[in-house]
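Biologist: Could you take me closely through how this chain is divided into domains, and what is found where the parts meet? I would like one connected account rather than a list.

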Amino acid sequence: MLRLRTLVPCLALPFSLGAQTSLSRAEQAVRAAVESRGDEQVAYLERLVNIPSGSLNVTGVREVGRVIGATLDSLGFASRWVDVPAGMKRAGHLVATHSGKAGVPRILLIGHLDTVFEGANQRWVRQDSIGKGAGSSDMKGGDVIILFALKALQATGALKDMNITIVMTGDEELPGEPLGEARAALVDAAKQSDIALAFEGGSRTTATIGRRSASSWVLKVTGRQGHSSGVFRGGYGAIYETARILDEFRRELAGEENLTFNPGTIAGGSDVTYDTLTLSGAVAGKTNIIAPITWVQGDLRAMDEAQILRAKTKMREIVGRNLAQTNAAIAFGEGYPPMAVTSGGERLLSYYSGVSNALGYGALTASDPARRGAGDLSFVAPYIDGIEGLGALGSGAHSPDESVNIPALTMQTQRAALMLQRLSREKAATFRRSRKI
Ligand SMILES: [Zn+2]
């Protein structure tokens with residue numbers, strides 16, 4: 001027993017606060033502070049939802065950023081607006097920092113200001129415990145979870161020592177291009193942080209610590225044009241070659257866990273115009289002509305860089321086995337990097353689950369990485385560990401019927417506030433990745 005007692009604190013130290021199964025007095029105060037602002041939080045969310053801010057609505061996105069920035073400034077943050085190049089046709093991003101005590105973990109909180117739908121004619125409508133409107137859950141709901149967690153921490157004095165950077169992007173739902181430039185501010189913030197918490201759609205029982213990459217590819221196939229009677233002897237043409245390639249992609253790669261690749265468009269014939277930016281075009285041909293050209297565009301999703309590399313190598317190899325009198329080339333585009341499951345990510349989940357348990361909301365497990373689409377947290381994954389899904393519970397995301405579960409806002413805000421509080425009592429060094437990227 002004695003031996004165990006001396007061993008346990010050393011071994012368990014990094015997990016001790018996260019796993020603490022009851023709330024300290026200071027934590028109880030934070031829980032109550034969140035609860036007491038429930039109505040104020042819903043009114044704030046209503047205000048944000050009623051500012052239309054589709055990704056291309058530069059004025060609206062900036063206005064949402066201005067409102068949130070002012071609130072953050074009142075909490076002791078220094079907020080600033082980061083512009084993106086005018087040619088990108090996006091609003092830019094809100095960045096805010098709160099400097100606390102040296103040695104306390106630097107935590108990056110990720111939200112976004114834009115919505116998929118414009119929000120015009122989509123003013124906030126409350127129906128009992130449900131609030132409807134563009135961005136109500138994705139993710140103005142997540143943004144108010146961040147804000148009201150911070151308000152509660154400030155009210156109890158817990159915010160003072162915390163080191164927090166908040167990045168709310170203005171184009172999460174339709175990122176500007178090039179992506180590297182559109183996410184430069186987020187990546188910069190990640191490089192100066194130890195861990196990241198992201199506030200996309202939440203759940204009662206799961207959070208996300210692994211997600212797949214998402215990128216695109218374009219396949220161009222050409223063949224010798226000729227009379228259809230000569231097909232097989234005089235060359236197979238672009239369409240047969242395209243069918244071969246896509247079928248071999250499926251037969252040779254479809255079984256691999258967490259790997260998917262989907263041809264989204266195809267255009268082939270003897271007279272083809274195709275625009276790879278808009279993924280649209282026109283085709284014409286004749287049944288008695290061997291088609292000389294085909295375009296295909298698709299996506300590729302994978303769990304880690306090694307899997308992406310393996311898939312690309314295999315796809316290039318398949319593309320290179322041309323049928324007679326045909327040629328094919330595949331080009332892979334940039335995209336969202338993968339967020340592999342790391343021990344640091346698992347540790348963040350254990351903290352979040354511990355906090356939830358202590359609040360009486362039950363434990364959480366990791367969600368299936370293949371189920372969640374790529375998001376802004378993916379861009380910081382190469383630098384720091386993170387956890388996703390701390391946002392609002394709702395339904396109908398990315399549809400005109402989007403809604404938020406209002407009572408669950410309190411649960412998510414309490415979880416977020418206590419997560420920040422427990423993480424901030426640890427030493428920053430314990431969260432830094434030991435391996436170099
Ligand atoms: Zn979102």
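Modeller: In this predicted model, the protein chain is divided into domain 1, made of 13–211 + 337–431, and domain 2, which covers 215–332. The contact between them takes five residues from domain 1 and six residues from domain 2, and on the side of domain 1 that touches domain 2 the residues divide into four nonpolar, one polar and no charged. The C-alpha centres of domain 1 and domain 2 lie 40 Å apart.

Turning from the contact to the interior, the largest nonpolar core holds 105 residues, of which Ile145, Ala149 and Ala196 touch the most other members. This core draws at least three residues from each of domain 1 and domain 2. Isoleucine 145 deserves a closer look: leaving aside residues up to four places away in sequence, isoleucine 145 touches Phe199, then Leu390, Gly391 and Ala392, and also Leu409, Gln412, Thr413 and Ala416.

As for strand pairing, strand β12, at residues 271–275, and strand β13, at residues 280–284, run in the antiparallel sense and are joined over five bridges. Within this pair, tyrosine 274 of the chain stands opposite glycine 281 in β13. The hairpin that β12 and β13 form has four residues between the strands, and in this hairpin leucine 279 takes a positive phi near 50°.

Definitions and conventions: Residues numbered from 1 in each chain as written. Predicted model: local features only at pLDDT ≥ 70, side-chain atom pairs only at ≥ 80, totals over all residues. Pairing = 2+ DSSP bridges. Helix = DSSP H or I, 4+ residues; strand = E, 2+ residues; numbered from the N terminus. Core = buried A, V, L, I, M, F, W, Y, C linked by C-beta atoms within 7 Å. Buried ≥ 20, exposed ≤ 12 C-beta atoms within 10 Å, placed from the backbone. Domains from an automatic or database assignment. Contact = placed C-beta atoms within 7 Å. Nonpolar A, V, L, I, M, F, W, Y, C, P; charged D, E, K, R; others polar.
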